[in-house]
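Okay, thanks everyone, let's get going. I'd like to walk you through one model today, so have a look at it while I talk.

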Amino acid sequence: MKRLTRSRHRQHGMTAVGWLLVATIFGFLLLTFFRVFPMYYDNLKVQSALEGLAEDAEIDFNSKRTVWNALAKRLRIQGVKNLNQNHLYITKTKSGQINIRVKYEVRSNYIANLFIGASFDESIAITR
């Protein structure tokens with residue numbers, strides 16, 4: 001008889017506090033995802049714009065302004081707004097190869113006065 005009463009009084013499952021804790025942790029993870037995903041999605045757009053820039057045969061890579069205007073047009077079409085001309089670096093090697101580098105940092109508000117930041121450094125080499 002004692003065995004039946006002991007097994008009946010054991011708890012099965014989670015309490016309300018346990019469920020609240022799980023929901024809070026899940027909420028923070030979901031909030032983090034929604035804050036970080038747009039940063040990486042914009043970085044994919046920057047990579048795509050750089051690849052399109054490399055394929056464009058009409059661009060004169062001797063002028064930083066010309067390269068920036070062509071890149072800025074591609075970024076505007078794709079909706080990337082957190083880059084400016086100061087993030088663009090162009091170097092030329094002795095062999096004639098042109099390296100275009102875009103280095104930038106993005107910050108997003110997280111909770112109250114906390115933020116999440118990411119630093120991106122994308123480059124592409126062009127030979128002509």
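I'll go through the sheet, the helices and the core, and then some side-chain pairs.

First, the small print. This is a predicted model, with local features needing pLDDT of at least 70 and side-chain atom pairs counting only at pLDDT 80 or more, while totals for chains, interfaces and linings use all residues. Residues are numbered from 1 along each chain as its sequence is written, and side-chain values use heavy atoms, with hydrogens and water left out.

So, the sheet. Helices and strands here are DSSP runs, numbered from the N terminus: H or I with at least four residues for a helix, E with at least two for a strand. Two strands pair if DSSP finds at least two bridges between them. With that, we get three strands in an open sheet, in the order β1-β2-β3, with antiparallel pairing. β1 and β3 are the edge strands, each pairing on one side only. Neighbouring strands are turned by 15° against each other on average, direction ignored. For that, axes are lines fitted to C-alpha atoms, for helices over the stretch in contact, and angles run from 0 to 180 degrees between N-to-C directions.

Now the pairings. Strand β1, residues 88-92, pairs with β2 over five bridges. If you want to check the register, T91 stands opposite N99, and Y89 has R101 as its bridge partner. Four residues sit between the strands in that hairpin, and G96 takes a positive phi near 95°. On the other side, 13 bridges join β2 to β3, residues 115-127, and there K103 stands opposite D121. The β2-β3 hairpin has five residues between its strands, with A112 in the turn at a positive phi of about 55°.

Which side chains of β2 point to the buried face? In a regular strand the side chains alternate between the two faces of the sheet. β2, residues 97-109, does just that: I98, I100, V102, Y104, V106 and S108 point to one face and are buried, while Q97, N99, R101, K103, E105, R107 and N109 point to the other and are not. Buried here is under 20% relative accessible area, exposed is over 50%, and partly exposed is in between, with a 1.4 Å probe and protein chains only.

S108 may catch your eye in that list. It counts as buried because its relative accessibility is 17%. Leaving aside neighbours within four places in sequence, S108 is in contact with R35, M39, F115 and I116, where contact means heavy atoms within 4.5 Å. F115, in strand β3, counts as partly exposed at 45%.

On to the helices. Helix α2, residues 16-55, lies across β2 and β3, at about 15° to β3. Helix α3, residues 64-78, lies across β1 and β2, at about 130° to β1.

And the core? A nonpolar core is a set of buried Ala, Val, Leu, Ile, Met, Phe, Trp, Tyr and Cys residues joined through side-chain atoms within 4.5 Å. The largest one has 27 residues, and L53, L71 and I100 touch the most other members. α2, α3, β2 and β3 each supply at least two residues, and α3 gives the most, with six. Not counting residues up to four places away in sequence, L71 touches A49, L50, L53, L88 and V102.

Next, salt bridges, meaning a side-chain nitrogen of Lys or Arg within 4 Å of a carboxyl oxygen of Asp or Glu. The count comes to four. R101 and D121 have their closest N and O atoms 2.7 Å apart. R101 lies in β2 and D121 in β3, so this pair ties together parts that are 20 residues apart in sequence. R101 is partly exposed at 33%, and D121 is partly exposed at 41%.

D56 and R74 also form a salt bridge, at 3.3 Å. Here D56 is in the loop between α2 and α3 and R74 is in α3, so parts 18 residues apart in sequence are tied together. Then there's K45 with D42, at 3.9 Å. Those two are three residues apart in α2, which means about one helical turn, and both K45 and D42 are buried.

Last item: aromatics. Rings of Phe, Tyr and Trp (its six-membered ring) pair if their centres lie within 6.5 Å; planes under 30 degrees apart are stacked, over 60 edge-to-face, and the rest tilted. There are five aromatic pairs in the whole structure. One of them, F33 with F34, is edge-to-face, at 5.6 Å centre to centre and 65° between the planes. F33 counts as partly exposed at 46%, F34 as exposed at 55%. F33, F34, F37 and Y41 form one cluster.

That's my tour, thanks.
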